[in-house]
Amino acid sequence: MVVIVEDERTIAELERLYLTQAGFGVHVASDGATGLADIRRLSPVAVIVDVGLPGLDGTELVRRLRAEGDWVPVVFVTAHDSEIDRVVGLELGADDYLTKPFSPRELVARVKGLVRRAAVPAAATILRAGRLELDERARRVLLDGAPVELTATEFDLLAYLLAHPGQVFSREQLLSAVWGVADYSGSRTVDVHIAQLRAKVGDPDPIRTVRGVGYALQDGSV
Ligand code: CA
């Protein structure tokens, strides 16, 4: 079950059509308060949330879910760049976002990627780099032994880099490996999440920016 919270009926119906064709059960709510109640009631595998909603807006809806400890994967749908900045700046554990107009196929790819990542039981592997310790099974990161709160995407990104020391990855490779999508227009997504990761686990920065290429784990941090 995927819950769509969207007040524009034509967009909601397009999302419903494509997700249904992809095999998902779909429930649509057209305002934030109803959407929040429906998500609590239905425990969906993923949620698609329009940011601009009547009443309770999309970011507030997800903020309330997170405050209740509900970390259901979310795809935010934004109408303007200013909304993207709001979504990213809030650090809601928002796993992804799409900007209108978007391809319904891209939406389905994002939802599938999020659901797959949330469902895969991680191997019992502890990865270490410098002051960081990452427990894949418990999905926990420690910095000098103290827990660090990461979103699902930040965790997956860090785990991927830690699992491949010495390798340099382009933004497209990271998008493909971590987000499960091959969409070059989403490279800003990678930069944003790298910046968020650095803000939480930096100093010394475990991630190296390779100019003109992409990112790698810092040399000598393993
Ligand atoms: Ca709207």
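Me: What makes E133 count as partly exposed?
Reply: In this predicted model, the relative accessibility of E133 is 25%, and because buried means under 20% and exposed means over 50%, a residue with that value falls in between and counts as partly exposed.

Me: Why is R128 called exposed?
Reply: R128 has a relative accessibility of 52%, and since exposed means over 50%, R128 counts as exposed.

Me: How do you know that the side chains of E133 and R128 meet in a salt bridge?
Reply: The N to O distance between the two side chains is 3.3 Å, and a salt bridge calls for a side-chain nitrogen of Lys or Arg within 4 Å of a carboxyl oxygen of Asp or Glu, so the pair of E133 and R128 qualifies.

Me: What makes the contact of E154 and K200 a salt bridge, and which helices hold the two residues?
Reply: Their side chains meet at 2.7 Å, N to O, which lies within the 4 Å limit and therefore counts as a salt bridge. E154 lies in helix α6 (residues 152-163) and K200 in helix α8, so the pair ties together parts that are 46 residues apart in sequence.

Me: Why is E154 counted as buried, and how is K200 counted?
Reply: E154 has a relative accessibility of 0%, under the 20% that bounds the buried class, and so it counts as buried; K200, at 22%, lies between 20% and 50% and therefore counts as partly exposed.

Me: How do you know that the length of α8 is close to the one expected?
Reply: Helix α8 covers residues 187-201, which is 15 residues, and the distance from its first C-alpha to its last is 21 Å, close to the 21 Å expected at 1.5 Å a residue. Buried residues in α8 include V190, I194 and L197, and the helix is followed by D203, whose phi is positive, near 65°.

Me: What makes K100 and D50 a salt bridge, and where in the chain do they lie?
Reply: The closest N and O atoms of K100 and D50 are 3.2 Å apart, which is within 4 Å, so the pair counts as a salt bridge. K100 sits in the loop between β5 (96-99) and α5 (104-119), whereas D50 belongs to strand β3 (residues 46-50), and the pair links these distant parts of the chain, 50 residues apart. K100 and D50 also belong to a network of salt bridges together with E6 and E8.

Me: Why are K100 and D50 called buried?
Reply: The relative accessibility of K100 is 17% and the relative accessible area of D50 is 2%; both values are under 20%, and therefore both residues count as buried.

Me: Which residues coordinate the calcium ion, and what makes their atoms donors?
Reply: The ion is coordinated by D7 (OD), D50 (OD) and G52 (O) at 2.2 to 2.4 Å, and because the limit for Ca is 3.2 Å, these oxygen atoms count as donors. Along the chain the donors follow the spacing D-x42-D-x1-G. G52 has a relative accessible area of 36% and is partly exposed.

Me: Why is the aromatic pair of Y160 and F169 called tilted?
Reply: By the rule for aromatic rings the count comes to one pair, that of Y160 and F169, with 5.0 Å centre to centre and 55° between the planes. The centres lie within 6.5 Å, and the angle is neither under 30 degrees nor over 60, so the pair is tilted.

Conventions
Residues numbered from 1 in each chain as written. Predicted model: local features only at pLDDT ≥ 70, side-chain atom pairs only at ≥ 80, totals over all residues. Heavy atoms only, no water. Donors = N, O, S within 2.8 Å, 3.2 Å for Na, K, Ca; no water. Buried < 20%, exposed > 50% of the residue type's maximum accessible area, 1.4 Å probe, protein only. Phe/Tyr/Trp six-rings, centres within 6.5 Å; stacked < 30°, edge-to-face > 60°. Helix = DSSP H or I, 4+ residues; strand = E, 2+ residues; numbered from the N terminus. Expected span 1.5 Å × (residues − 1).
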